[in-house]
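Open the model in a viewer and show side chains as sticks. The tour below follows charged pairs.

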Amino acid sequence: MSNKILYVDDNVTMLDLIKLLLEQAGYAGLTAQNVDDALRIAEGTSFRAMVIDVNLAGDSGLMLMNFMMHNHKGVPVILYSGGEHDQKNVEKMVALGATKFVQKRNGSELVAAVKQLCPLG
């Protein structure tokens, strides 16, 4: 089974950091800086999971999640956000189909969530 994790974030520093952390944990981190890049990378590629920033510059991470869920059925989606979200908003995002919501901090919580959802052999 593929160990590819798609990570979509408009923050280049976070892209590099999370890709490195995922690879250190044994996953293949594929990164996209925007919706167009994510759609291009996702075409014909299978993933173990997708991590999508909720607030992408000019686009909605929730809209991307919705599209990806229809085109990559069964692949868990982790929404990742640096913004403040109260419990009610988090519950709404999960109700829309996100498998998990993780607050942006240092990346270790995100990697732990990926490991929990997609354990390696």
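Which residue forms a salt bridge with D53? Select D53 and K104: the closest N and O atoms of this salt bridge are 3.4 Å apart. D53 sits in strand β3 (residues 49-53) and K104 in the loop between β7 and α5, so the pair ties together parts that are 51 residues apart in sequence. D53 is buried, at a relative accessible area of 3%. Bear in mind that the model is predicted.

Keep K104 selected and add D9. The side chains of K104 and D9 also meet in a salt bridge, at 2.7 Å from N to O. K104 is in the loop between β7 (100-103) and α5 (108-117), while D9 is in the loop between β1 (4-8) and α1 (12-24), so this pair links parts 95 residues apart in sequence. K104 is buried, with a relative accessible area of 18%, and D9 is buried as well, at 0%.

Now display D9, D53 and K104 together. Salt bridges with shared partners join D9, D53 and K104 into one network.

Next, go to helix α2 (residues 35-42) and select R40 and D37. Their side chains meet in a salt bridge of 3.6 Å, N to O. R40 and D37 are 3 residues apart in the helix, a separation of about one helical turn. Is R40 buried or exposed? R40 is exposed, with a relative accessible area of 55%, whereas D37 is partly exposed at 23%.

To finish, zoom out to the whole structure, where a search finds 5 salt bridges. Among them are the K104 and D9 pair, the D53 and K104 pair, and the R40 and D37 pair.

Key
Residues numbered from 1 in each chain as written. Predicted model: local features only at pLDDT ≥ 70, side-chain atom pairs only at ≥ 80, totals over all residues. Heavy atoms only, no water. Salt bridge = Lys/Arg side-chain N within 4 Å of Asp/Glu carboxyl O. Helix = DSSP H or I, 4+ residues; strand = E, 2+ residues; numbered from the N terminus. Buried < 20%, exposed > 50% of the residue type's maximum accessible area, 1.4 Å probe, protein only.
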